[in-house]
Amino acid sequence: MKKDHRESTVGPWAAAKLDALEAYLKFYGTALSKQSFTRVYIDAFAGACITKVRGSGLTVEQSPFFDETDDTEAQEEFILGSPVRALNVPNGFHQHYFFDLDETRAETLRTVTGEREGVTVQVGDCNPLIRNLAPSLKARNIRGVAFLDPYGAHLEWATLEALAETGTMEVVINFPLAMAINRLITRSGDVPERWADQLTACFGTDEWHNIAYSREVDLFGDEITTKNGDVAERLLDLYVSRLKKLFPFVAKPHLIRNTRNAPLYYLIWAGPNKLGLKGADYILRQGERVRKR
């Protein structure tokens, strides 16, 4: 995951996430290829078409979902972003919606897609844009996948609610628990109001605060706030349990780690049908594919 929406490089672990996404999109396209649905793809935080991988002493393992003749040396330096992968997947999508905060990247996307039909590129906060789009996705002849890969705690719960209400859209969420969310929860308990509001919007509840902190009264009658030791696990449980109230099926979260084996984020699939669950459970667990050379 990039540090913010302006950064043009990614860690080597991003390849694992994107390989898993592409593999799922291939599965999805194959599963629906003989049906008459209009297939829709949404990329909420689209990012760059091609990104440079940070770190020269790292190897991105060859994915089992790609041709063994692919140029591995090239993959060590640059990787294709989610927009290009979604545009080129076999049995792909009839409509593509790409949202990004950066006008330069959006313009690059427009150049890459050219005159291709069914492509919409918009600059701005994806949350209200997707919520405005969602009612049009409720049609019986539509099925789709939304890739929700925020730079931090920027995916709002209300956006997930809107996608779930369509009854037609699946979501693949990058939940940046260790990379971003846990860092907003300070050890002291003094969370800036802006951060607290962002966390509440992300979880759709302020329950995260009671999970993150414990309060005790010391011998002098003063209240002491401490951050709980199992915050990450409990926050993941909160997020997944709430997802299960929105979507009929939610796959087991699959952890992606960095090259030092530290946890970074979870890939979480949720959707309206059991076939998608079966495919996601198998494919997204392929995420941990980065190792040291």
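What follows is a short walk through the predicted model shown above, from its overall make-up to its strands, its cores and its aromatic rings.

Let me start with the chain as a whole, which has 293 residues, 53% of them buried, and which contains 11 helices and 15 strands. If we take the contacts in the chain with a separation of 6 or more, residues 24 or more positions apart account for 73% of them.

I would like to turn next to the strands, beginning with β8, which covers residues 142-148. Of its 7 residues, 6 are buried, so strand β8 is largely enclosed by the rest of the structure. On one pairing, strand β2, residues 38-43, is joined to β8 by 6 bridges, and the two run parallel; within that pairing, Asp-43 stands opposite Phe-147. On another, β8 pairs with strand β9, residues 169-175, again in the parallel sense, over 5 bridges, with Ala-146 placed opposite Val-171. Between β8 and β9 the chain passes through helix α6, residues 157-166, and this β-α-β crossover is right-handed.

There is a further parallel pairing to point out, that of strand β6, residues 95-100, with strand β7, residues 119-123, which is made over 5 bridges and in which Asp-100 stands opposite Val-123. Here the chain crosses from β6 to β7 through helix α4, residues 103-113, and this β-α-β crossover, too, is right-handed.

While we are on strands, please look at Phe-78, which belongs to strand β5, residues 78-80. Is Phe-78 buried or exposed? Its relative accessible area is 45%, so the residue counts as partly exposed. Phe-78 and Thr-51 lie 27 residues apart in sequence, yet their C-alpha atoms are 5.6 Å apart in space.

Now to the nonpolar interior. The largest nonpolar core has 51 residues, and the members that touch the most others are Ile-42, Phe-175 and Tyr-239. Helix α10, residues 231-246, gives this core its largest share, namely 7 residues. For Tyr-239, leaving aside residues up to four places away in sequence, the contacts include Leu-155, Trp-157, Leu-160 and Ile-173, and also Phe-175, Cys-202, Phe-203 and Ile-268. A second core, separate from the largest one, holds 40 residues, among them Ala-14, Ile-79, Val-119 and Leu-277.

That leaves the aromatic rings, of which the structure holds 10 pairs. Take Tyr-24 and Tyr-28, whose ring centres are 6.4 Å apart and whose planes meet at 40 degrees; that angle falls between the 30 and 60 degree limits, so the pair is tilted rather than stacked or edge-to-face. Why are these two residues about one helical turn apart? Both sit in helix α1, residues 14-32, and they are separated by about one turn because they are 4 residues apart. Tyr-24 and Tyr-28 are both buried, and together with Phe-27, Tyr-41, Phe-93 and Phe-98 they form one aromatic cluster.

Finally, two rings have a charged group placed over them. The charged end of Arg-143 sits over the ring of Phe-37, at 4.1 Å from the ring centre, whereas Arg-242 lies over the face of Trp-157, at 4.8 Å from the centre of that ring. Trp-157, you may recall, is one of the residues that Tyr-239 touches.

Terms used. Residues are numbered from 1 along each chain as its sequence is written. This is a predicted model: local features need pLDDT of at least 70, side-chain atom pairs count only at pLDDT 80 or more; totals for chains, interfaces and linings use all residues. Side-chain values use heavy atoms; hydrogens and water are left out. Rings of Phe, Tyr and Trp (its six-membered ring) pair if their centres lie within 6.5 Å; planes under 30 degrees apart count as stacked, over 60 as edge-to-face and the rest as tilted. Buried means under 20% relative accessible area, exposed over 50%, partly exposed in between (1.4 Å probe, protein chains only). A charge sits over a ring if NZ of Lys or CZ of Arg is within 6 Å of the ring centre and within 35 degrees of the ring normal. Two strands pair if DSSP finds at least two bridges between them. A crossover is right-handed if, with the strands pointing away from the viewer, the path from the first strand over the helix to the second runs clockwise. A nonpolar core is a set of buried Ala, Val, Leu, Ile, Met, Phe, Trp, Tyr and Cys residues joined through side-chain atoms within 4.5 Å. Contact means heavy atoms within 4.5 Å.
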